[in-house]
Amino acid sequence: MAEFLRRLFTKGFEECPLSVVSLWGEPSPHFIHWREEQRRRESGIDPYTGEPDPYFGMEFD
């Protein structure tokens, strides 16, 4: 699995092996545990940037 992720992040495959390309060649990938992601969202923080979430408190239909 580690080798697969290394190759994914460094574009070590001839083509992206996933159906989405958002991680393909990602120069600085990071992992956030779902509980930490949830805690940050509930605090009004974007879990991936650490910046205030501009959509915090808004309700969407």
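Trainee: Which residue does E37 form a salt bridge with, and how far apart are the closest N and O atoms?
Mentor: Keep in mind that this is a predicted model. E37 sits in helix α2 four residues away from its partner, so about one helical turn separates the two. The partner is R41, and the closest N and O atoms are apart by 3.0 Å.

Trainee: Is E37 buried or partly exposed?
Mentor: The cut-off for buried is under 20% relative accessible area. E37 comes in at 19%, so it falls on the buried side. Its partner R41, at 39%, is partly exposed. For E37, then, the class is buried.

Trainee: What is the N to O distance in the salt bridge of E3 and R6?
Mentor: Start with the spacing: E3 and R6 are three residues apart in helix α1, so they are separated by about one helical turn. Both ends are partly exposed, with E3 at 43% and R6 at 45%. Their side chains meet in a salt bridge, N to O, at 2.7 Å.

Trainee: How far apart in space are R6 and G25, C-alpha to C-alpha?
Mentor: R6 has its place in helix α1. Along the sequence, R6 and G25 are 19 residues apart. In space, their C-alpha atoms are separated by 9.5 Å.

Trainee: Which residue forms a salt bridge with E36 at 2.9 Å?
Mentor: Look along helix α2: E36 and its partner are four residues apart there, so about one helical turn lies between them. E36 is partly exposed at 25%, and the partner is partly exposed too, at 23%. With the closest N and O atoms 2.9 Å apart, that partner is R40.

Trainee: Which residue is linked with E36 and R40 in a network of salt bridges?
Mentor: We already have E36 bridged to R40. The network links these two with one further name. That name is R39.

Trainee: How many salt bridges does a search of the whole structure find?
Mentor: We've been through several of them, including E3 with R6 and E37 with R41. E36 with R40 is another one of the set. Searching the whole structure gives a count of four.

Trainee: Which two residues form the aromatic pair, and what is the angle between the planes?
Mentor: A search of the whole structure finds one aromatic pair. The centres are 5.6 Å apart, and the pair is tilted. One member, F4, is partly exposed with a relative accessible area of 29%. The pair is F4 and F13, and the angle between their planes is 50 degrees.

Trainee: Where is L23 found?
Mentor: L23 helps make a nonpolar surface patch together with L18 and V20, about 230 Å² in area. At 38% relative accessibility, L23 counts as partly exposed. A patch residue needs over 30%, so L23 passes that cut-off. α1 covers 2-9 and α2 covers 34-42, and L23 is found between them, in the loop.

Trainee: What phi does K11 have?
Mentor: K11 has its place in the loop between α1 and α2. K11 is not a glycine, and yet its phi is positive. The value is about 55 degrees.

Definitions and conventions: Residues are numbered from 1 along each chain as its sequence is written. This is a predicted model: local features need pLDDT of at least 70, side-chain atom pairs count only at pLDDT 80 or more; totals for chains, interfaces and linings use all residues. Side-chain values use heavy atoms; hydrogens and water are left out. Patches are made of residues with over 30% relative accessible area and no salt bridge: like charges are joined within 9 Å, nonpolar side chains (Val, Leu, Ile, Met, Phe, Trp, Tyr) within 5 Å. Accessible areas come from the Shrake-Rupley method with a 1.4 Å probe; for residues, only the protein chains shown count as cover. Buried means under 20% relative accessible area, exposed over 50%, partly exposed in between (1.4 Å probe, protein chains only). Rings of Phe, Tyr and Trp (its six-membered ring) pair if their centres lie within 6.5 Å; planes under 30 degrees apart count as stacked, over 60 as edge-to-face and the rest as tilted.
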